[in-house]
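Visitor: I would like to learn how to read a few features of a model. Please show the chain, and we can take them one at a time.

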Amino acid sequence: MSDFTSGFWSIAIIAVTLGGILGCVLLLWGAGKARVSPTGDNTTGHVWDGDLREMNNPLPRWWVWMFVITVVFGVLYLVLYPGLGDKPGTLNWSSVGEHAADVAKHKETTAQVYARYAAMPVPEIAKDAQAHAIGERLFMNNCAQCHGSDARGSKGFPNLADGDWLWGGDPEKIAETIAKGRIGTMPPMAAAVGTPDDVRNVAHYVLSLSNGPHDSVRAALGKAKFTVCAACHGSNGKGNPLLGAPNLSDDIWLHGWGEEAIVAMVNNGKTNQMPAQEGKFSAEQIRVLASYVWGLSNR
């Protein structure tokens, strides 16, 4: 990658750009200087298709001046704006700078809108019509791609409209999740559980915690092996929000339900990531968005 950011490419771009402008000037100059000895009827002597003759008329003056103006404009543009490799131009304009100025202007105009929510309790923000509309737009533009437009998620993406929270569902925890992101890791546990048969016994015990269809004999055998899982999920399988360990005693299954899905999880493990959003949103936007998400499960 360093080859593409070295000074050579800047010089190459400058050479190609100026060479192109110089070539246009030379072409125009050469066309103006070229002389063809006309015949008596003001043709060049070239005949095509029997009777089509090439006239020896000069270039129209307006066309020549338009060409000259275009070349002059190109030169002035390259002096004022970046176009010659890494040269910034005399105006020091850049798309990054313009974007930063637009963002600053936008923040200035929206600061008053968000200011009224700074000290407002989250339940009141969630009920506020304007805040709800802002939060909904933020959610649709940035969160719905994974969690769905109705926030009910899908396989591998949590449902935000119920009361089940991996990392805690209070407003502060939701805001923290949005800002910092989350990485949930379930390591492969088959070796710690025991034999493949032990893994299946544990799967049936887990199914029994949520009163799902299971083999009671296998579940009884798997209960003792569940101790290696209890470090994260708790002895009763209720989970641990501090670790993002899910509750195994309810009927909510993020990565699939049933014996085979649980066996695959124990054997292979799983890593899920919620990317951090604090670089994209301001603290005020995160507060409004967190209030909107909190309101989905606290209507």
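Visitor: Is Arg182 buried or exposed?

Guide: Accessibility is sorted into three classes: buried is under 20% relative accessible area, exposed is over 50%, and partly exposed lies in between, with a 1.4 Å probe and protein chains only. Arg182 has a relative accessible area of 14%, so Arg182 is buried. This is a predicted model, in which local features need pLDDT of at least 70 and side-chain atom pairs pLDDT 80 or more, while totals for chains, interfaces and linings use all residues. Residues are numbered from 1 along each chain as its sequence is written, and side-chain values use heavy atoms, without hydrogens and water.

Visitor: With which residue does Arg182 form a salt bridge?

Guide: A salt bridge is a side-chain nitrogen of Lys or Arg within 4 Å of a carboxyl oxygen of Asp or Glu. The partner of Arg182 is Glu176, with the closest N and O atoms 3.2 Å apart. Glu176 is partly exposed, at 33%.

Visitor: How many salt bridges are there in the whole structure, and which parts does the one between Arg200 and Glu260 tie together?

Guide: The search finds 8. For the elements, helices (H or I, at least four residues) and strands (E, at least two) are DSSP runs numbered from the N terminus. The side chains of Arg200 and Glu260 meet at 3.1 Å, N to O. Arg200 is in helix 9 and Glu260 in helix 12 (residues 259–268), so this pair ties together parts 60 residues apart in sequence. Arg200 is partly exposed, at 25% relative accessibility. Elsewhere, salt bridges with shared partners join Lys173, Glu176 and Arg182 into one network.

Visitor: Which residues have the most contacts inside the largest nonpolar core?

Guide: A nonpolar core is a set of buried Ala, Val, Leu, Ile, Met, Phe, Trp, Tyr and Cys residues joined through side-chain atoms within 4.5 Å. The largest has 25 residues, and those with the most contacts inside it are Tyr117, Phe139, Ile178, Leu289 and Val293. Helix 4 (122–127), helix 5 (129–142), helix 7 (171–180) and helix 13 (283–296) each supply at least two of its residues. Helix 13 gives the largest share, 8 residues.

Visitor: How should a positive phi be read, and where does Asp49 lie?

Guide: Most residues other than glycine have a negative phi. Asp49 has phi near 60° and sits in the loop between strand 1 and strand 2. Two strands pair if DSSP finds at least two bridges between them. Strand 1 (residues 43–48) and strand 2 (residues 52–55) are antiparallel, with 3 bridges, and Val47 stands opposite Arg53. Asp49 is exposed, at 63%. Ala151 also has a positive phi, near 65°, in the loop between helix 6 (144–147) and helix 7. Ala151 is buried, at 1% relative accessibility.

Visitor: How many aromatic pairs are there?

Guide: Rings of Phe, Tyr and Trp (its six-membered ring) pair if their centres lie within 6.5 Å; planes under 30 degrees apart count as stacked, over 60 as edge-to-face and the rest as tilted. By this rule there are 7 pairs. In one of them, Phe8 and Trp9 are edge-to-face, at 5.1 Å centre to centre and 75° between the planes. Phe8 is exposed, at 54%, and Trp9 is partly exposed, at 36%. Phe73, Tyr77, Tyr81 and Trp93 form one aromatic cluster.
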